[in-house]
Amino acid sequence: MNTFDYAVVSIDGDYANLRRTDIQSDELKLVARALLPDTIAEGTKLHYEYMEYSIVE
């Protein structure tokens with residue numbers, strides 16, 4: 001199973017723009033906030049594994 005690390009770049013209503021941090025990339029991924037932890041804010045670091053996002057402390 002693939003794992004990815006992201007940072008929340010911006011939040012726009014029901015969606016958040018994420019940028020990969022485990023590789024060099026300028027592309028943003030638009031993700032529905034319903035799929036993300038409730039407590040995210042801009043700058044929050046996330047880990048994606050097994051089709052689930054979790055906050056990285």
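**A five-stranded antiparallel sheet and its aromatic cluster**

Strands β1 and β2 pair in the antiparallel sense, with six bridges between them. Strands here are DSSP runs of E at least two residues long, numbered from the N terminus, and two of them count as paired if DSSP finds at least two bridges between them. The model is a predicted one, in which local features need pLDDT of at least 70 and side-chain atom pairs count only at pLDDT 80 or more, while totals for chains, interfaces and linings use all residues. Residues are numbered from 1 along each chain as its sequence is written, and side-chain values use heavy atoms, with hydrogens and water left out.

Back to the first pairing: β1 and β2 form a hairpin with two residues between them. Gly13 sits in that turn, with a positive phi of about 65 degrees. Further along the ladder, Ser10 has Asn17 of β2 as its bridge partner. On from there, β2 (residues 15-20) pairs with β3 through five bridges, again in the antiparallel sense, and Leu18 stands opposite Lys29 in β3. β1 is also joined to β4 by five bridges, and these two strands run antiparallel; Asp5 has His47 in β4 as its bridge partner.

Put together, five strands make an open sheet in the order β3-β2-β1-β4-β5, with antiparallel pairing. The edges are taken by β3 (28-32) and β5 (52-55), each of which pairs on one side only. From one strand to the next the twist averages 40 degrees, taking axes as lines fitted to C-alpha atoms and angles as running from 0 to 180 degrees between N-to-C directions.

What makes up the largest nonpolar core? It holds 11 residues in all: Phe4, Tyr6, Val8, Ala16, Leu18, Val31, Leu36, Ile40, Leu46, Tyr48 and Tyr53. A core in this sense is a set of buried Ala, Val, Leu, Ile, Met, Phe, Trp, Tyr and Cys residues joined through side-chain atoms within 4.5 Å. Buried means under 20% relative accessible area and exposed over 50%, with partly exposed in between (1.4 Å probe, protein chains only). The elements giving two or more residues to the core are β1, β2 and β4 (45-49), and β1 gives the most, with three. In soluble globular proteins, nonpolar side chains tend to be buried together.

One core member, Val8, has a long list of contacts (heavy atoms within 4.5 Å). Leaving aside neighbours within four places in sequence, Val8 is in contact with Ala16, Asn17, Leu18, Ile40, Ala41, Glu42, Gly43, Thr44 and Leu46.

The aromatic residues come next. A search of the whole structure turns up four aromatic pairs. Rings of Phe, Tyr and Trp (its six-membered ring) pair if their centres lie within 6.5 Å; planes under 30 degrees apart count as stacked, over 60 as edge-to-face and the rest as tilted. Phe4 and Tyr6 have ring centres 6.4 Å apart and planes at 50 degrees, so this pair is tilted. The rings of Tyr48 and Tyr53 have their centres 4.7 Å apart and their planes at 50 degrees, so that pair is tilted too. Ring pairs link Phe4, Tyr6, Tyr48 and Tyr53 into a cluster. Tyr6 is buried, at 5% relative accessible area; Tyr53 counts as buried at 9%, and Tyr48 as buried at 17%.

Tyr48, in strand β4, deserves a second look. Not counting residues up to four places away in sequence, Tyr48 touches Asn2, Thr3, Phe4, Tyr6 and Tyr53. Tyr48 and Asn2 are 46 residues apart in sequence, yet 8.3 Å apart in space, C-alpha to C-alpha. The charged end of Lys29 sits over the ring of Tyr48, 5.5 Å from its centre; for this, NZ of Lys or CZ of Arg has to be within 6 Å of the ring centre and within 35 degrees of the ring normal.

The loop between β4 and β5 holds Tyr50 and Met51. Most residues other than glycine have a negative phi, and most peptide bonds are trans. Tyr50, though not a glycine, has a positive phi of about 55 degrees, and phi of Met51 is also positive, near 60 degrees. Tyr50 counts as exposed at 60% relative accessibility, and Met51 is exposed at 68%. Met51 and Met1 are 50 residues apart in sequence and 9.2 Å apart in space, C-alpha to C-alpha. Met1 lies in the segment before β1 (3-12) and is exposed, with a relative accessible area of 66%.

Methods. Helices (H or I, at least four residues) and strands (E, at least two) are DSSP runs, numbered from the N terminus.
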